[in-house]
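Got your viewer open? Let's take a short tour, one selection at a time.

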Amino acid sequence: MVNPARLITQIAIVGSQILGRAFVDAYKQAAKNAAQNAATQGTGRAALDATTRKTGISVEEATQILNVDKDASVEDILKSYEHLFKQNDPKSGGSFYLQSKVFRAKERLDMELKRRVDADAEKSAPSNP
């Protein structure tokens, strides 16, 4: 007859080995993906990704939240923001979480617009020989 303590110990050891191999394989794959992404990213994309990491929201997500196009004007963004911000006001039965998402979306699009304006100004600035 098999000792129950020995059986439980063997199951724990085999399970740990399987889990350990899975973590090692996942780490190797993550390292490989990170190396590939670092090699293919340009400097413009790296700056954009840094802004996304800083704000926690991408431009695409921000445009979806505010229901505007990626190339929307400042007026359209502001109009959509004000409407959604008022609709989600907790004082009138709205959701603070959704209101904060709307705020962060506008904040992200403002950062993107500023980045575009700065890039356009840099391109149009006369170069000194």
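Start with helix α5, residues 96-124: with four residues, this helix gives the most to the lining of the largest cavity. Keep in mind as you click around that this is a predicted model.

Next, select the whole lining: Lys70, Ala72, Ile77, Leu109, Glu112, Leu113 and Arg116. What kinds of residues are they, nonpolar, polar or charged? Colour them by type and you'll get four nonpolar and three charged, with no polar ones. The space they surround has a volume of about 30 Å³. Don't go hunting for others of 30 Å³ or more, though: a search of the whole structure turns up one cavity of that size. How does anyone spot a gap like this? Rolling a probe the size of a water molecule over the atoms shows where empty space is left.

Now move to helix α4, residues 74-87, and show the side chains of Tyr81 and Phe85. Being four residues apart in this helix, they are separated by about one helical turn. Their rings form an aromatic pair, with centres 5.3 Å apart. Are the rings stacked, edge-to-face or tilted? The planes are 35 degrees apart, so the pair counts as tilted, falling between the under-30 stacked range and the over-60 edge-to-face range.

Turn on the surface and compare the two. Tyr81 counts as buried, with 13% relative accessibility, while Phe85 is partly exposed at 29%.

For the last stop, keep Tyr81 selected and add Lys106. Lys106 lies over the face of the Tyr81 ring, 5.3 Å from the ring centre.

Definitions and conventions. Residues numbered from 1 in each chain as written. Predicted model: local features only at pLDDT ≥ 70, side-chain atom pairs only at ≥ 80, totals over all residues. Heavy atoms only, no water. Phe/Tyr/Trp six-rings, centres within 6.5 Å; stacked < 30°, edge-to-face > 60°. Helix = DSSP H or I, 4+ residues; strand = E, 2+ residues; numbered from the N terminus. Buried < 20%, exposed > 50% of the residue type's maximum accessible area, 1.4 Å probe, protein only. Lys NZ or Arg CZ within 6 Å of the ring centre and 35° of its normal. 1 Å grid on protein atoms, 1.4 Å probe; cavity = no way out; pocket = protein on both sides within 12 Å on 5 of 7 lines; lining within 4 Å. Points joined across faces, edges and corners; volume = space filled by probe spheres on them. Nonpolar A, V, L, I, M, F, W, Y, C, P; charged D, E, K, R; others polar.
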